[in-house]
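Let's take a walk through this one together, starting inside and working out to where the chains meet. Have the viewer open as you read.

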Amino acid sequence: MKSIYLCLFFWACTFLTAEAQIEKGTHFLGATVQGSGYFTKLSSPGHPNARVQQQILSLALQWGMFAKENFMFGVGLSGSLVPYRSWSDASGGSDFKQRISRYGVAPFVRWYKPVFNKLSLFVQPSIGVDWSKTTYSRSATEKSFATRLMVSPGISYRVGKRFAVEADLNIFSLGLSYNKTDTGSSFAFSSHMSSSLPSVFGLRGAFYLN
Amino acid sequence: MKNLIYIPIIILLGMTSRVMAQYNGRHFVSGSGSIGFNTQNYKAIEGAKSRGAIGFDMSVGKFVTEQKVTGWSLRGGLTLQKTTKDVTDSSIWSDKADGIEGYYAGIGKFWQYYKHVNEHWGFYGGPDIAASVNVDNEYHIQGTTEYVHTRTTAFALGFSLKAGAYYKLSEKCWLNASFAFINPVYLSFERGSNTEYNGSTHNVLRKSKIDKFNYALSPNLNLPAIGLGLTYFVR
């Protein structure tokens, strides 16, 4: 494990020149998009075809402004849609639809620590509020509301003069959620803290404009 | 603490030595292979189930400039299975499940960009496009007297980005280690056929088919993802 980080360190070193500071007044725009899905068809002789499909689409945007050198405040917006449908080709056959939609707002602050010309480390505490709504074909709905406190460190790597690729990881989070269905409601509290590094990082494209 | 002093010295040495070697026009073969067996013994019933798997992953490439490589990759493999007749769980189909359980094959086109740090080692990274086919056979019991054979054929097409480092063992032989990859685009089409059999007569009772199309757009970095291989220069 150690040797990998050492390798990465060397790699970063090869681009080494002076440290680059991010100036006061710089605007920050970040975005990431993710999507996946499937379509299936089950057929057997003498029976109508059965079909299932699901899509997952999510988009996250971040805007920020540098209040002083290497310090930024900003807000993140996120949204995702998960439509699901399973139905039969037979006329008057079964048809089940479900749609989950989630929206979130998360104000944050972020401190940067430039390591090399192109590479910076950052730490980002944020407070997030999330709404989620699930609608079923029989028009039943389920709503939930959650708030969370998160601290996520990350890295930012400059590809061009203004463009950077960023990855962050969630090592600490504290959450409170409220669930409301047609039949009742519930409260939940969760906390999460981890010192281990995950092996999959979500990537974000970011612009630094001044 | 000592390491912290050595590291900048190593870097300085690395930066000052100029890259002398000529790579342009050289051809190489690179690859890795795998082989594995496992046997499960069921004491109570004196039965056993053995499985074996072999696979290879090789590529041929050419330096078209000092820093750029283009090439093709080829991979393939298969899984074999052998079950002795007394394994209760699978006794009704054991003789049918023996043999080739599954196999896969794939072909890809890749581009790599090299950063030769000094004469001994450097980094590389680049995109690749790969297509593959994967066939899998599976048997399971349904109820008490029937069993089902599921055969799945999957075709996949993917685009990925990989990064790694190399170390020269000799002029002709390099050790390479990949450490990260991203699979931003992935598409697959799967066709599965289910055949339900009567357990004692082996007659076909029912047949069904399932078609599945998958897609994924995921800008995720997988790190560390270590793979070791050898690169051999043919000329």
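In this predicted model, the largest nonpolar core is made of seven residues: Ile22(A), Phe28(A), Phe66(A), Met72(A), Ala164(A), Ala206(A) and Tyr208(A). Pick out Phe28(A) and see what it touches beyond its neighbours within four places in sequence: the contacts are Trp63(A), Gly64(A), Met72(A), Gly74(A), Ala206(A) and Tyr208(A). Apart from that core there's another one, with five residues, including Ala165(B), Tyr166(B), Trp174(B) and Phe179(B).

That second core takes us over to chain B. Its secondary structure adds up to two helices and 10 strands, and along the sequence they run α-β-β-β-α-β-β-β-β-β-β-β. Of its 235 residues, 9% count as buried. If you look at contacts in chain B between residues at least 6 apart in sequence, 61% of them link residues at least 24 apart.

Now for the place where the chains meet. Chain B brings 25 residues to the contact and chain A brings 24 residues. On the chain B side, the elements giving two or more residues are strand 8 (204-217) and strand 9 (220-222). Strand 8 of chain B gives the most, with 12 residues. Sort the chain B side by character and you get 14 nonpolar, five polar and six charged residues.

Strand 9 of chain B has a pairing worth a look, too: it lines up antiparallel with strand 10 (residues 200-209) of chain A, over three bridges. To find the spot, go to Val200(A), whose bridge partner in strand 9 of chain B is Asn222(B).

Definitions and conventions:
Residues numbered from 1 in each chain as written. Chains lettered and ligands numbered in written order. Predicted model: local features only at pLDDT ≥ 70, side-chain atom pairs only at ≥ 80, totals over all residues. Core = buried A, V, L, I, M, F, W, Y, C linked by C-beta atoms within 7 Å. Buried ≥ 20, exposed ≤ 12 C-beta atoms within 10 Å, placed from the backbone. Contact = placed C-beta atoms within 7 Å. Helix = DSSP H or I, 4+ residues; strand = E, 2+ residues; numbered from the N terminus. Nonpolar A, V, L, I, M, F, W, Y, C, P; charged D, E, K, R; others polar. Pairing = 2+ DSSP bridges.
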